[in-house]
Amino acid sequence: MSLQVIHYPHPVLRHRSKPIKKVDAELRRLVAEMFNLMYEHEGVGLAANQVGLPYRLFVANPQADRDSEETEQVFINPVIRSGKGLAEAEEGCLSIPGVHAHVLRKDTVQIQAYDLAGNELNLDLDELPARIAQHEIDHLDGVLFIDRLAPAQLAEVRDQLTDFEFEFRSKSETGEIPPEAQIAAQLEELERLRT
Ligand code: ZN
């Protein structure tokens, strides 16, 4: 199976993922593929449901550069333990390419997660890493950054969103995107293997 980045308004982006119970060679292969896709699309983070996987994990690299491997991080079953302050900055999303808007987030967050080796991570994040973690954990709950926009901000990107909606409907009609019930059944099957 080759992964690809799934665009708004595909229903998998509204899937709330359950924690993963099983990490194996196949999952490590999928994570490596997620990093590849993220770099290919010049992203700084990618959540599993953005590539059609109903797993509670995301990959990130604030450097957006495959050569800075030391800043790569896999977050498995991430939980925001606490957050402080507020910060506003522009965000985009590989699932809604070309759409950008300012989003209000916590300024700093404390994240608990696991890495691929099963080590528990307790990270105090600020700046871009804090924003990436909050954006990606939102994905795992089926939330997109456009859900956090004020009505006036949303109005500014409405035309672009309509284009994505139109494209989704066309692909659904041609069968390139399967019917919603089939997508739901696929997600359930993938979930059964690992959660
Ligand atoms: Zn995103």
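Donors are N, O and S atoms within 2.8 Å of the metal. With that in mind, welcome to this predicted model, in which Cys93, His135 and His139 are the protein donors of a zinc ion. The protein has 195 residues, with four helices and five strands among its elements. Below is a short tour, from the whole chain down to single residues.

**Overall layout**
- Reading from the N terminus, the elements follow the order α-β-β-β-β-β-α-α-α.
- The C-alpha trace spans about 45 × 40 × 30 Å along the principal axes of the protein.
- The radius of gyration is 16 Å, which agrees with the value near 16 Å for a compact globule, because that is what the rule gives for 195 residues.

**Inside and surface**
- Of the 195 residues in the protein, 44% are buried.
- Take the contacts between residues at least 6 apart in sequence: 66% of these join residues at least 24 apart.
- About 10400 Å² of the protein is exposed, and 49% of this area is supplied by carbon and sulfur atoms.
- The protein carries 20 positive and 34 negative charges, and the mean positions of these two groups are 8 Å apart.

**The zinc site**
- The donor atoms are SG of Cys93, NE2 of His135 and NE2 of His139, and they lie 2.0 to 2.2 Å from the zinc ion.
- Along the sequence, the donor residues show the spacing C-x41-H-x3-H.
- Both histidines, His135 and His139, belong to helix H2, which covers residues 127-140.
- These two histidines are four residues apart, about one turn of the helix.

**A closer look at His135**
- Is His135 buried or exposed? His135 has 7% relative accessibility, and buried means under 20%, so His135 counts as buried.
- His139, its fellow zinc donor, is buried as well.
- Setting aside neighbours within four places in sequence, His135 is in contact with Glu91, Gly92, Cys93, Arg105 and Phe145.
- One of these contacts, Cys93, is itself a donor of the zinc ion.

**A contrasting residue: Ala25**
- Ala25 is part of helix H1, which covers residues 25-40.
- The relative accessibility of Ala25 is 53%, and exposed means over 50%, so Ala25 counts as exposed.
- Ala25 and Pro179 are separated by 154 residues in sequence, and their C-alpha atoms are 31 Å apart in space.

Notes. Residues numbered from 1 in each chain as written. Predicted model: local features only at pLDDT ≥ 70, side-chain atom pairs only at ≥ 80, totals over all residues. Heavy atoms only, no water. Rg over C-alpha atoms; globule rule 2.2 N^0.38 Å. Buried < 20%, exposed > 50% of the residue type's maximum accessible area, 1.4 Å probe, protein only. Contact = heavy atoms within 4.5 Å. Areas by Shrake-Rupley, 256 points an atom, 1.4 Å probe, with all protein chains shown as cover. Lys, Arg positive; Asp, Glu negative; His and termini not counted. Charge placed at Lys NZ, Arg CZ, Asp CG, Glu CD. Donors = N, O, S within 2.8 Å, 3.2 Å for Na, K, Ca; no water.
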